[in-house]
Amino acid sequence: MEDKNNSEIINRNHPAFNNKNAEPFYNIIQEGLKDEVDGEHFWDTVSENAVFEFLYHIPGFTNKIEGRKAYMDWFGGYSNILYSSDNLKVYKSTKPKNVIILEYQVHGIVPHTGKSYDNRFCSVITIENRKIIHWRDYMDSLAVKLSVTPD
C-alpha cells in the first residue's frame, strides 16, 4: 500500500504486519485514532519519517526510534503475547488540534518467564496529513520489570 505522504511502498509482508502477538495493541490504537488517520492497519497510519519517543526506564531499551521502518523492525520481533487491550480513553487537544492522547491497557503473557503482562499506557500522538508523525509514550515501567524478571 502506498503512503499518501510519500511514494514509499509499505511492505505488508514485513514481520511487524503479521505479528499476531501485537494485534490487541494495533487494534486499540486504531480504535482510538478512528476518523483521525487513514489506513486499515496500524502501520498504514504511520508516516515514513515518524518519530517515536519512549519515556520508559528499562535497561537496554532505547528511548527513541526514528522512522516507520525502524519501528517496524523492532516490532517485528515483539515477543510478548498480548491477548487483549482495554480501558481506552481518548482526549483530543484543541491547541494544537493535531494532538490526540490515548490511555489504554494491554494484557498478555511474557513467554520466557510465563508471567502475566498487564500494562498501562499513555500515548501522546501528533497527526499530520492523517498520518502519525510523532508518538510520545509513557507506561508503567515496573509492570514490565515484574513480568520479565524471574521470581
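Me: What counts as an aromatic pair?
Reply: Rings of Phe, Tyr and Trp pair if their centres lie within 6.5 Å. This model is predicted. The structure holds 25 aromatic pairs.

Me: How do phenylalanine 25 and phenylalanine 42 pair?
Reply: Planes over 60 degrees apart count as edge-to-face. Here the angle between the planes is 65°, and the centres are 5.4 Å apart, an edge-to-face pair. Phenylalanine 25 sits in helix α1, phenylalanine 42 in the loop between α1 and β1, so the pair ties together parts 17 residues apart in sequence.

Me: Are these two rings buried or exposed?
Reply: Buried means under 20% relative accessible area. Both phenylalanine 25 and phenylalanine 42 are buried.

Me: Why is the pair of phenylalanine 52 and tryptophan 135 tilted?
Reply: Pairs that are neither stacked nor edge-to-face count as tilted. The planes of phenylalanine 52 and tryptophan 135 stand at 40°, so this pair is tilted; the ring centres are 6.0 Å apart. Phenylalanine 52 belongs to strand β1 and tryptophan 135 to strand β6, so the pair ties together parts 83 residues apart in sequence. Phenylalanine 52 is buried, at 0% relative accessibility. Tryptophan 135 is buried too, at 0%.

Me: Which residues form a nonpolar patch on the surface?
Reply: Patch residues have over 30% relative accessible area. Ile81, Tyr83 and Ile109 form one, with about 280 Å² of accessible area together. Isoleucine 109 is partly exposed, at 31%. Strand β4 holds isoleucine 109.

Me: What does glycine 76 contact, beyond its neighbours within four places in sequence?
Reply: Contact means heavy atoms within 4.5 Å. Glycine 76 is in contact with Pro15, Ala16 and Asn19, leaving those neighbours aside. Glycine 76 lies in helix α2.

Conventions. Residues are numbered from 1 along each chain as its sequence is written. This is a predicted model: local features need pLDDT of at least 70, side-chain atom pairs count only at pLDDT 80 or more; totals for chains, interfaces and linings use all residues. Side-chain values use heavy atoms; hydrogens and water are left out. Patches are made of residues with over 30% relative accessible area and no salt bridge: like charges are joined within 9 Å, nonpolar side chains (Val, Leu, Ile, Met, Phe, Trp, Tyr) within 5 Å. Accessible areas come from the Shrake-Rupley method with a 1.4 Å probe; for residues, only the protein chains shown count as cover. A salt bridge is a side-chain nitrogen of Lys or Arg within 4 Å of a carboxyl oxygen of Asp or Glu. Helices (H or I, at least four residues) and strands (E, at least two) are DSSP runs, numbered from the N terminus. Buried means under 20% relative accessible area, exposed over 50%, partly exposed in between (1.4 Å probe, protein chains only). Rings of Phe, Tyr and Trp (its six-membered ring) pair if their centres lie within 6.5 Å; planes under 30 degrees apart count as stacked, over 60 as edge-to-face and the rest as tilted.
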